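The following exercises are to be worked with the sequence and the model open side by side. Each task is followed by a solution in steps.

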Amino acid sequence: MRPGIALIGLLACMLAGFWTACLGLPAQAATTERIVVNRFSGVAIEGFDPVAYFVDGTAVQGTAEFEASLWGAVWRFRNEGNRASFLAHPEIYGPQFGGYDPADIARGVAIAANPRFFVILAQRLYLFSRETNRDAFAADPERFLDEVGKRWPALQEQLSQ
């Protein structure tokens with residue numbers, strides 16, 4: 001590849017807002033919303049079924065056939081039963097801290113979680129941006145939740161309604 005063409009391609013990526021994708025880096029979700037959603041589709045937690053974490057103990061992709069809108073986000077489910085359970089008790093099945101990583105919140109930053117890394121603790125769903133964050137949280141959740149309790153209100157105020 002010619003250097004001039006590569007530079008033009010890189011500039012085009014920057015202008016289009018695809019800087020991380022062009023460099024092959026993982027894309028970070030925008031951390032401006034109260035609930036982590038895909039900025040183009042409005043789908044929460046990458047379309048994973050929030051009830052399946054409790055029922056199946058694993059991350060399961062939902063479908064567009066079973067959707068619900070709540071808290072300014074579109075939630076997907078794998079079946080009607082999971083959809084109904086979520087709508088009846090969203091405070092239980094919805095991810096804590098809107099899908100932001102509690103380990104990062106404890107450090108004072110709101111980082112969108114990866115729905116593949118999760119912990120269920122005291123009947124609540126916690127999602128994490130990295131496997132190492134999940135493991136650290138699982139080893140000492142009280143310490144993290146204490147710090148999160150101190151930092152989350154201020155971080156939440158910085159996020160859009």
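**Exercise 1. The surroundings of Gln 96**

Leaving aside its neighbours within four places in sequence, with which residues is Gln 96 in contact?

Solution. The model is a predicted one.

Step 1. Locate the residue: Gln 96 sits in the loop that links α5 (90-93) to α6 (102-106).

Step 2. Set aside the neighbours within four places in sequence; the contacts of Gln 96 are then Glu 91, Arg 124, Leu 125 and Tyr 126.

Step 3. Classify the burial. The relative accessible area of Gln 96 is 18%, and a residue is called buried under 20%. Gln 96 is therefore buried.

**Exercise 2. The second largest pocket**

Determine which residues line the second largest pocket, and describe the lining by element and by class.

Solution.

Step 1. The volume of the second largest pocket is about 190 Å³.

Step 2. Its lining consists of Arg 34, Ile 35, Trp 71, Pro 90, Glu 91, Gly 94, Pro 95, Gln 96, Phe 97, Gly 98, Trp 152 and Gln 156. Gln 96, from the previous exercise, is thus one of the lining residues.

Step 3. Two or more lining residues are given by each of the elements α5 and α8 (141-158).

Step 4. Sorted by class, the lining holds 6 nonpolar, 4 polar and 2 charged residues.

**Exercise 3. The β3–β4 hairpin**

How many bridges join strand β3 to β4, and why is β4 described as largely enclosed?

Solution.

Step 1. Strand β3 (residues 114-121) and β4 run antiparallel and are joined by 5 bridges.

Step 2. Identify individual pairs. Asn 114 has Phe 128 of β4 as its bridge partner, while Leu 121 stands opposite Arg 124 in β4.

Step 3. Examine the turn. The two strands form a hairpin with 2 residues between them, and Ala 122 in the turn has a positive phi of about 50°. Gln 123, in the loop between β3 and β4, also has a positive phi, of about 60°, although it is not a glycine.

Step 4. Place these values in context: most residues other than glycine have a negative phi. A further positive value, near 55°, belongs to Glu 46. Glu 46 lies in the loop between α2 (19-22) and α3 (52-55) and is partly exposed, its relative accessible area being 44%.

Step 5. Return to β4 (residues 124-128): because 4 of its 5 residues are buried, the strand is largely enclosed by the rest of the structure.

**Exercise 4. Ile 105 and the nonpolar cores**

Is Ile 105 buried or exposed, and which residues have the most contacts inside the largest nonpolar core?

Solution.

Step 1. Ile 105 lies in helix α6. Its relative accessibility is 0%, so Ile 105 counts as buried.

Step 2. Neighbours within four places in sequence being left aside, Ile 105 is in contact with Phe 97, Tyr 100, Val 148, Arg 151, Trp 152 and Leu 155.

Step 3. Compare sequence and space: Ile 105 and Lys 150 are 45 residues apart in sequence, and their C-alpha atoms are 9.5 Å apart.

Step 4. The largest nonpolar core has 18 residues, and those with the most contacts inside it are Phe 97, Tyr 100, Ile 105, Phe 128, Phe 137, Val 148 and Trp 152. The elements α6, β3, β4 and α8 give two or more residues to this core, and α8 provides the largest share, 4 residues.

Step 5. A second, separate core has 17 residues, among them Tyr 53, Ala 68, Phe 77 and Tyr 93. In soluble globular proteins, nonpolar side chains tend to be buried together.

**Exercise 5. The chain as a whole**

What pattern of helices and strands does the chain follow along the sequence, and what percentage of its residues is buried?

Solution.

Step 1. The chain contains 8 helices and 4 strands, and their order along the sequence is α-α-α-β-β-α-α-α-β-β-α-α.

Step 2. Of the 161 residues in the chain, 37% are buried.

Step 3. Consider contacts between residues at least 6 apart in sequence: 53% of these join residues at least 24 apart.

Note on methods:
Residues are numbered from 1 along each chain as its sequence is written. This is a predicted model: local features need pLDDT of at least 70, side-chain atom pairs count only at pLDDT 80 or more; totals for chains, interfaces and linings use all residues. Side-chain values use heavy atoms; hydrogens and water are left out. Buried means under 20% relative accessible area, exposed over 50%, partly exposed in between (1.4 Å probe, protein chains only). Contact means heavy atoms within 4.5 Å. On a 1 Å grid over the protein atoms alone, a cavity is a set of points where a 1.4 Å probe fits but cannot get out, and a pocket is an open set with protein on both sides within 12 Å along at least five of seven lines; lining residues have an atom within 4 Å of a point. Grid points are joined across faces, edges and corners, and a volume is the space filled by probe spheres set on the points. Ala, Val, Leu, Ile, Met, Phe, Trp, Tyr, Cys and Pro count as nonpolar, Asp, Glu, Lys and Arg as charged, and the others, Gly among them, as polar. Two strands pair if DSSP finds at least two bridges between them. A nonpolar core is a set of buried Ala, Val, Leu, Ile, Met, Phe, Trp, Tyr and Cys residues joined through side-chain atoms within 4.5 Å.
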